[in-house]
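Let's take a walk through this one together. We'll begin with a single residue, then step back for the overall picture and finish with a few backbone details.

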Amino acid sequence: MKIGIACYPTYGGSGVVASELGKALAERGHEIHFISYAMPMRLDSFIGNIFYHEVEFASYPLFEFPLYTPALASKIVEVAKFEKIDIIHAHYAIPHATSAYLAKQILGDHLKIVTTLHGTDITLVGLEPSFLPVMKFSIEQSDGVTAVSRFLKEKTLTNYNIEKDITVITNFVDINKYKKIYTPDVRKRVAPEGEKVLVHVSNFRAVKRVQDVIRIFDVVRKKIQAKLLLVGDGPERSNCELLCRELGIEHDVQFLGKQSEIVCLLSSSDLFLMPSQSESFGLSALEAMACELPVVSSSVGGLPELVVHGETGYIAEIGDIERMAKYSIELLTNDSRYKMFASNARKRAVEKFNKELIVNQYEEHYQQVLNGK
Ligand code: GMT
């Protein structure tokens, strides 16, 4: 198949899923054309069968805001026409599904659109009155729609009052790349006194509740010797640094910023924290599980579909810092339970969310869309 992928290129779950999916499809012999305003983060090396088309958008004194939606639509038209694309896969509905719809109107019905709903495109941003009608329409006009969790599918159907068949295709992980590796040097640098290591990876938006991560760690640290690794960057970073200083724990917390080599850091850690306010799936928690890390998370969104309470980690109400800290301490002080959870976490990633399995589901979905089912 010839597949065009329209996605955000930045540090974020939808761009990661789009890039990893494109790479996996290219390895299977499909021709993949990425369309975005910058090179997607994870397309960092040359892979045959993968092409990248940059969306250019002109500025003009009259335009107070960049007009990305029509510029993206024009680029989709150009790529689809000249590269003879079969399917445009729009990742994150705003504005990708809308631009794809526009392109289809220009090119005709033979161009098929698959839209994957990722999270805040449905639960937050898409609900804004200024987006909602366009979102609903663009989703309804897609030939195929997938959502990354059962939770997100239900939210879409109810919030947008959509009567559309939505296929749940979860996030996935490359279990050969994401696996525990031996990292004695890094571990020694991170935790020189043999401390336990807690880790959190995100884009530091308010929705991730990174301050809760710090408060959970503060409670844990009072009971056991521990260090906290914070990976990623974003709007909440300064507030988080301030909080660490206020709590007097700044020497035990390392802000590592955006990191591309995450496996080594996960392998040097013991427990992953994800106390999000909203999370349609939780890709970074899955990547941690594949590296044998139990996860302590909030119970929101799709997280209970990923984290099995009492088997691969624990879940608690949003903001219940005491409980999440209690669960963390329980795991970090009980060696046999910890080992069982760590191995269960890896097993669940391998059995339910491994790349081969999920990419098969996307291929099947494309085929159904092309067959008009
Ligand atoms: O909604 C977002 O936060 C943005 C989105 C992204 O593009 O980074 O993240 C979402 O998509 C990921 C990949 O499908 C999911 O694993 C995340 O759970 C989801 N984030 C939220 O729902 C907050």
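Start with Ile85, which is buried, because its relative accessible area is 6% and the cut-off for burial is under 20%. This is a predicted model, by the way, so keep that in mind throughout. Ile85 belongs to the loop between α2 (68-83) and β4 (87-91). What does Ile85 touch, leaving aside residues up to four places away in sequence? The list runs to Lys2, Ile3, Gly4, His33, Val79, Ala80 and Leu111. For a sense of scale, pick Cys264, 179 residues from Ile85 along the chain: the two C-alpha atoms are 38 Å apart.

Right beside it in the numbering is Lys84, also placed in the loop between α2 and β4. Is Lys84 buried or exposed? Lys84 counts as exposed, because its relative accessibility is 59% and the threshold is over 50%. So this loop holds a buried Ile85 along with an exposed Lys84. The backbone of Lys84 is worth a look too: its phi is near 55°, a positive value in a residue other than glycine.

Now zoom out. The chain is built from 15 helices and 13 strands. Its C-alpha atoms fit a box of roughly 65 × 45 × 40 Å along the principal axes. How does the radius of gyration fit in? A compact globule of 373 residues would come out near 21 Å, and the chain has 21 Å, so the two agree. Of those 373 residues, 55% count as buried. Contacts tell you about the wiring: among those with a separation of 6 or more, 70% are between residues 24 or more positions apart.

On the outside, the chain exposes about 16400 Å², and carbon and sulfur atoms supply 51% of that area. As for charge, there are 42 positive and 46 negative side chains. The centres of the two sets lie 3 Å apart.

Next, the aromatic rings. Searching the whole structure turns up 8 aromatic pairs. One of them is Tyr314 with Phe341, a tilted pair at 5.2 Å centre to centre, with 40° between the planes. Why call it tilted? Because planes under 30 degrees apart would count as stacked and over 60 as edge-to-face, with the rest as tilted. Tyr314 sits in strand β13 (residues 313-316) and Phe341 in helix α14 (residues 335-352), so the pair ties together parts that are 27 residues apart in sequence. Both Tyr314 and Phe341 are buried. Elsewhere, ring pairs join Tyr37, Phe57 and Tyr68 into a cluster.

Last stop: the backbone again. Most residues other than glycine have a negative phi, and most peptide bonds are trans. With that in mind, have a look at Phe204, whose phi is near 50°, a positive value in a residue other than glycine. Where does Phe204 lie? In the loop between β8 (196-201) and α8 (210-223). Its relative accessibility is 0%, so Phe204 counts as buried; Lys84, with its own positive phi, counts as exposed.

Finally, check the peptide bond from Ile94 to Pro95: it is cis, with omega near -10°. Pro95 has its place in helix α3 (residues 93-107).

How values were computed: Residues numbered from 1 in each chain as written. Predicted model: local features only at pLDDT ≥ 70, side-chain atom pairs only at ≥ 80, totals over all residues. Heavy atoms only, no water. Helix = DSSP H or I, 4+ residues; strand = E, 2+ residues; numbered from the N terminus. Rg over C-alpha atoms; globule rule 2.2 N^0.38 Å. Buried < 20%, exposed > 50% of the residue type's maximum accessible area, 1.4 Å probe, protein only. Contact = heavy atoms within 4.5 Å. Areas by Shrake-Rupley, 256 points an atom, 1.4 Å probe, with all protein chains shown as cover. Lys, Arg positive; Asp, Glu negative; His and termini not counted. Charge placed at Lys NZ, Arg CZ, Asp CG, Glu CD. Phe/Tyr/Trp six-rings, centres within 6.5 Å; stacked < 30°, edge-to-face > 60°.
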